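Please look over the sequence and the structure shown here before reading on. The report below takes up charged contacts, aromatic contacts and enclosed spaces in turn.

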Amino acid sequence: MKPIVAIGVLLVLCGTSALLAQEPGESRERTSDSGSTWYVALDGSGHFTSIQEAIDQAQDGDTVFIKAGRYAEDVTVHSKEGLKVIGEGREKVLLAGLKRVGTLHIGKWPYGARNVEIRGLTVHQHGGLGVGIFNGEGVTLKNLKVDGFVFGQQVQNVYIEHCVVGGSETTGIAFADSQATLIDNLIHDNDHGVSIGGTSIVHLERNVITRSLFEGVLVADQAEATLIQNTLVKNRGGVKFQDDATGTVAGNIIDEAQVGIRWSVKNPVNIAHNGLHNIDVKYQVDGQAGAASLEPHVFSDVYIAPKFVAPHRGDYRLQADSPLLRIGEFPYLGALGPVRE
């Protein structure tokens, strides 16, 4: 039996969804379990030619799907819950910004955004900010490319995965008074790779952070950071904890840096099973003279060349015979596992 089509009415037959009338700007596709889908296309083949117009029209639980093209506009998502904004692909959809500071804003004061997901597009920074996340909760950024700065303030449960963030005029990704998880990202060519401040709690796992002008990861104020199996290479500094910041650094590779891990004598960090190589000063403790008391913190670290596949090409996978396999509880150190023979 074929689905019946009617304007403004959705009939579900045989457990499947029917299709609403397809007048651009007036109708949308609806599935029975995931809300409505609004299509954005510059050539007029979708419901809207503007991403912002589609987001404004969308209701909680809806999806905005963006077809290929360069969109020169400022986009804000706020007062939405469960909204998905999905690009056709990060090599196909470019959000370029227009007038304001920050090309893409998620949440804003006093409004927020909850359980919002953005994926599959490229964002160019405008005015020094690419993506700003403000006063939100449950925000997911996945498979994005951000040419510029990503900043979160007073946001909870932010999840950033499989993103490429680089070329910022300041920091690649920064958080203030927030809670976030960063997994499987490439963060490159920034002043600092990741900066964590205020009372933030941030977990970093299996990220590659490279070519930072200063530290790969800077943790300041009363923030807490956990770094598990990341690869930090060709940054001026590896990981730095300052002020009253605390955290854990375990299973990481830190290669080619002036200082490997730096922290304050009054706030020691937990350090275990890291691979440090080609480091001028492996550990620096602010407020402490000499290195006599370092060994209890770092006795399980190893100091040997990691044997990357092709570091000159930015391929930081480990070779099959890398000495950094099966270290402590880790099957391998760093973000990227060994190549298969």
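What follows is a description of a predicted model, arranged by type of contact and then by type of space.

## Salt bridges between loops

A search of the whole structure returns 11 salt bridges, and three of them are described here together with their surroundings. In one of these, arginine 206 is paired with aspartate 184, with 3.1 Å between the closest N and O atoms. The partners belong to distant parts of the chain, 22 residues apart: arginine 206 is in the loop between strand 25 (201-205) and strand 26 (208-210), whereas aspartate 184 is in the loop between strand 22 (179-183) and strand 23 (186-188). Arginine 206 is partly exposed, its relative accessible area being 26%, and aspartate 184 is likewise classed as partly exposed, at 22% relative accessibility.

A salt bridge also forms between lysine 266 and aspartate 244, whose closest N and O atoms are 3.3 Å apart. Lysine 266 is located in the loop between strand 32 (253-264) and strand 33 (270-272), and aspartate 244 in the loop between strand 30 (237-241) and strand 31 (246-250), so this pair ties together parts of the chain that are 22 residues apart in sequence. Is lysine 266 buried or exposed? With a relative accessible area of 56%, lysine 266 is exposed, because the class begins over 50%. Aspartate 244, at 34% relative accessibility, counts as partly exposed.

## A strand-to-strand bridge and a network

The side chains of arginine 262 and aspartate 286 also meet in a salt bridge, with an N to O distance of 3.0 Å. Here the linked parts are strands: arginine 262 is in strand 32 and aspartate 286 is in strand 34 (residues 275-286), and the two residues are 24 residues apart in a pair that links distant parts of the chain. Both partners are classed as partly exposed, arginine 262 at 23% relative accessibility and aspartate 286 at 24%. Elsewhere, Glu81, Arg114 and Glu137 are joined into one network by salt bridges that share partners.

## Aromatic contacts

The count of aromatic pairs comes to seven. One of them is formed by phenylalanine 308 and tyrosine 316, whose ring centres are 5.1 Å apart and whose planes stand at 75° to each other, an edge-to-face arrangement. Phenylalanine 308 is buried, at 6% relative accessibility, and tyrosine 316 is buried as well, at 4%; both receive this class because their values are under 20%.

A cluster of aromatic residues is made up of Phe134, Phe149 and Phe151. A contact of another kind involves lysine 282, whose charged end sits over the ring of tyrosine 303 at 5.1 Å from the ring centre.

## The cavity

How many cavities of 30 Å³ or more does a search of the whole structure find? The search finds one, and the volume of the largest cavity is about 50 Å³. Its lining consists of Ile51, Ile55, Ile66, Val75, Val77, Val85, Val93, Leu95, Leu104, Ile118 and Leu121. Helix 1 (51-57), strand 7 (75-77) and strand 10 (93-95) are the elements that give two or more residues to this lining. By class, the lining of the largest cavity has 11 nonpolar residues, with no polar and no charged ones.

## The largest pocket

The largest pocket holds about 200 Å³ of space. Its lining is formed by Asp184, Asn185, Leu186, His188, Arg206, Val208, Thr210, Arg211, Gly314, Tyr316 and Leu336, and strand 23 and strand 26 each supply at least two of these residues. The lining of the largest pocket divides into four nonpolar, four polar and three charged residues.

Several residues already described return in this lining. Asp184 and Arg206 are both among the lining residues, and they are also the partners of the salt bridge with a closest N to O distance of 3.1 Å. Tyr316, which also lines the largest pocket, is a member of the edge-to-face pair with phenylalanine 308. As for the position of aspartate 184 relative to another part of the chain, its C-alpha atom is separated by 9.3 Å from that of valine 164, a residue 20 residues away along the chain.

Definitions and conventions: Residues numbered from 1 in each chain as written. Predicted model: local features only at pLDDT ≥ 70, side-chain atom pairs only at ≥ 80, totals over all residues. Heavy atoms only, no water. Salt bridge = Lys/Arg side-chain N within 4 Å of Asp/Glu carboxyl O. Helix = DSSP H or I, 4+ residues; strand = E, 2+ residues; numbered from the N terminus. Buried < 20%, exposed > 50% of the residue type's maximum accessible area, 1.4 Å probe, protein only. Phe/Tyr/Trp six-rings, centres within 6.5 Å; stacked < 30°, edge-to-face > 60°. Lys NZ or Arg CZ within 6 Å of the ring centre and 35° of its normal. 1 Å grid on protein atoms, 1.4 Å probe; cavity = no way out; pocket = protein on both sides within 12 Å on 5 of 7 lines; lining within 4 Å. Points joined across faces, edges and corners; volume = space filled by probe spheres on them. Nonpolar A, V, L, I, M, F, W, Y, C, P; charged D, E, K, R; others polar.
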